[in-house]
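Visitor: I'm new to this structure and would like a close look at a single part of it. Could you take me through chain C, and how it sits with its neighbour?

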Amino acid sequence: MNERPFIQINDLHHNYLRDTPLEVTALQGVNMEIYRGESVGIIGRTGAGKSTVVQHFNGLIRPRKPGQVIVDGEDLSDPKVDVRRIRQKVGLVFQYPEQQLFERLVGDDIAFGPKKLGMEPAERRERVKWAMEMVGLDFEEFKDRFTFSLSGGEMRKAALAGVLALQPEMLILDESTSGVDPRSRRELLERLLTLHKEHGLTLAFVSPNMEDMAGLVERIYVMDDGHVVMNGTTREIFSQPDELHEHGLGVPQVTEVAHTLIARGIAVEQIPVTVEEGVKETWKILNS
Amino acid sequence: MEDFEFLRHITIGQFLPGDSIIHRLDPRTKLSIFLFITIAVTFSVSYTANVILVLVTLSLVLLSGVSMRYVFSGVKPAIPLIIVLAILQLLFYGGQFVPFGMQTKTYFHWGWIHITNGSVQLVIVSALRFIELLFLTSLLTNTTTLTDITHGMENMLRPFSRIGVPAHELSLVATIALRFVPLLAEQLEIIMKAQASRGADIAHQGKFQFVTTTRQVAALIVPLFIDALRRAEDLILAMQARCYVGGRGRSSLVRLEFAPLDYVAYVLSLIFSVSMLALRNYFPI
Amino acid sequence: MSVASVEPIIRIEGLHFHYNPQSEHPIHAIKGIDLEIYPGEYLVVVGHNGSGKSTLAKNINVLLKPTEGDVWVEDMNTRDPANTLAIRSEVGMVFQIPDNQIVATIVEEDVAFGPENLGVPDDELQERVEWALGVVDMLDHRRRPPHRLSAGQKQRVAIAGVMAMKPKVLILDESTAMLDPEGRRDVLAAVRQLNAEGVTVIAITHFMHEAAEGNRVIVMEAGKIVMEGTPREVFSHVEELRALQLDVPQTTELAYRLNQLDSTFPPDLLLVDDVAAEIQRRVNGRSGE
């Protein structure tokens, strides 16, 4: 790639509860690059530092020396950087929608971002409509509903719409599928895939769950204990189940089947990461 | 630089392990010291009394080994409020507050504004009392685990359960409140970050945020409240499922015992407090 | 030992439950359930959100009472208030959000909460707490404050807190939903251990691969039981589960799809090793030709 990365992280360190007796080190020299249009996964067990890293992407946490965070060419160590502009470009969706929603009515909440951008009411309305469409919430039906009366799944969509309404260039999802039932999770992942493929949205997806990653991301950073411990394409990472296990992670069952076969001396051409691929590979093996 | 970490600034309720004399005291003793000296503070309005009290509480904190920096860092969020209060007192209370040990002397008068030596005394004494209470609170909560505090409280209230005081229930309420404060603080932090991510003006450049609009505060309080209520609902179910029916008939894992040091500390603090109360009108200023 | 020769420990007969029965729009969450649960079973209840699985669980430990029908726990009817405490001490429940079940500020004191409520004598308390923490492998953390633990560790403490009451039945209401893979692994291991020691387990989950832990699976939909059987039996009905908006474990889906391409391939495999073994068998069989 010739172009510069959309997000560049160099030697990032971070401590929580700094200068108190309870100080805790969250990041110990992290390096990462995310290019425009990519879909990247950041996985690791709880406490690995994943959320801490992504909160640097939109300036919620500012880098401390010697760490460097450069977003679309802007160096976040510079206090003069307009953080609001960064946050429009890089949208962050948190784990639980209740943490993000606050307006009384759904429509107002989704309109919050565009309002802050200074959009006129008519434009705002269009934007909210668009955002709601993107997540599958019917505009007329939901715009005047009470935010906190929505079901869990609906709230999740509203929260996502609220961030999409800023029309960011990059979307970060911080464990947004934790605790979500399989049907809703699948739906969410499909939507994200659409946004990525059809709208060119750069994606960073944080999760401890491997199966979410498989169909969605091209590249994975594995974190543990404040470091990046593994880094490669999805397939490369999933080809190392033992190392992943050491870091408290697993691989999708389909991948595990492949590894078991390899361990028993059967050649597998390409490690499958989804069931689709698993079926194809197995068929090849059974018929070769 | 913006800083969302509230937990850094909440020093109340944070137990800091240590081995000082204070750490080793029975929680009931510490609660009693807290109570006795707080009463003394409440009734002490003179400069002298408060200087004594500041020195006494200060030495106790020093004895406990908790760092001064840590104790004062807990005050930072409250400073805007304190300053506003101080200014109001200074400007408007002169006419109503008779200074202790002195004749009223007006320094400045215009309309409602009444700056007298009385209002000056009020401001200074208020500040001192605030510091004393801060020290006392730190003394109690930084050297005693939360469970010990509540066990101590329950133990002390138990004799009163005969006349209907719900000793265990109250101490459980206290435990739960103390247990969930850090969790709610974390939650607030996340809420602020989530809103900031959508363009909200959460943090200003300065460390002291004097003015935040009601709207902004409401935007934070509503989700926080809902989170707190949800947790409460869940907790109630869990407690019911674990057969909680109130304090009657409960046994206890933890047992408290006094050591000689406790008796000494108890008696000393009682004597000190009683003396401060008895002598409060005899101090010069 | 045939399970049928033993008396069920929990009997649910004609259960209906309505939320807000007096209001204009009561929600009919359970629409007629008959179920018998036997001692020592590991029953898994699956269903998507709103299917009524959690409501069913809460009817067992009297957090909810039936609007129609009866629930009997060890021959105690849940409608009778005199039985409530006894039932709750026999049927323990662990919930979804780890933090919201932990009452005390030190692990061992939280574990003691349940038995303290039951008035277990002081000297026995210590023993129970130690035993319970040992079963979930958290004895080393006994004096730690809960907020310093990982979510998986907190859930294990919650399980210990419930087990310290020595219940015969343990209900897990989506207790692994909020955990990372490691946490989930540890919790499932603890539960497996308890079941091996004779505790009846009722696990409510929407994770299919967890359902494989049980010896019986029931699938709920719209307040009713729509499928029942061993995990293998239930999961082989891939299309039906799909129609119910449920997932099957990847292994079963793989087996099912291979079966569609080659009908001799068994469609109801559940475990990774089983699938791999089957594939290997065929490869070796073929190369033997």
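Guide: Here is a walk through chain C, from its strands to its contacts, with a glance at the rest afterwards. Keep in mind that this is a predicted model.

Let's start with some strands. Strand E1 of chain C covers residues 10–19, and it runs antiparallel to strand E4 of chain C, residues 68–73, with five bridges joining the two. If you want one of those spots to look at, find C:Arg11, whose bridge partner in E4(C) is C:Trp72. E4(C) also pairs with strand E5 of chain C, residues 76–77, again in the antiparallel sense, this time over two bridges. Here you can pick out C:Val73, which has C:Met76 as its bridge partner in E5(C). E4(C) and E5(C) form a hairpin with two residues between the strands, and in this hairpin C:Glu74 takes a positive phi near 50 degrees.

Now for the packing. In C:Ile202 we have one of the residues that touch the most other members of the largest nonpolar core, a set of 190 residues. Leaving aside residues up to four places away in sequence, C:Ile202 touches C:Ile37, C:Leu43, C:Val45, C:Ala57, C:Val169 and C:Ile171. Another core, of 21 residues, lies apart from that one, and B:Ile33, B:Phe36, B:Val66 and B:Leu136 are among its members. As background, nonpolar side chains tend to be buried together in soluble globular proteins.

Next, the neighbour. Chain C has 35 residues in contact with 27 residues of chain B. On the chain C side, at least two residues each come from helix H2 (84–90), strand E6 (91–94), helix H3 (107–117), helix H4 (122–135) and helix H5 (151–163). H3(C) gives the most, with seven residues. Sorted by class, the side of chain C that touches chain B has 17 nonpolar, twelve polar and six charged residues.

Finally, a glance over at chain A. Its domain assignment gives domain 1 (7–238) and domain 2 (252–288). The centres of domain 1 and domain 2 of chain A, taken over C-alpha atoms, are 33 Å apart. Where they touch, seven residues of domain 1 of chain A are in contact with five residues of domain 2 of chain A. Helix H8 (210–214) and helix H9 (234–238) of chain A each supply at least two residues to the domain 1 side of that contact. By class, this domain 1 side has three nonpolar, two polar and two charged residues.

Technical notes:
Residues are numbered from 1 along each chain as its sequence is written. Chains are lettered from A and ligands numbered from 1 in the order in which they are written. This is a predicted model: local features need pLDDT of at least 70, side-chain atom pairs count only at pLDDT 80 or more; totals for chains, interfaces and linings use all residues. A nonpolar core is a set of buried Ala, Val, Leu, Ile, Met, Phe, Trp, Tyr and Cys residues joined through C-beta atoms within 7 Å. A residue is buried if 20 or more other C-beta atoms lie within 10 Å of its own, exposed if 12 or fewer, and partly exposed in between; C-beta atoms are placed from the backbone. Two residues are in contact if their C-beta atoms, placed from the backbone, lie within 7 Å. Domain bounds come from an automatic or database domain assignment. Helices (H or I, at least four residues) and strands (E, at least two) are DSSP runs, numbered from the N terminus. Ala, Val, Leu, Ile, Met, Phe, Trp, Tyr, Cys and Pro count as nonpolar, Asp, Glu, Lys and Arg as charged, and the others, Gly among them, as polar. Two strands pair if DSSP finds at least two bridges between them.
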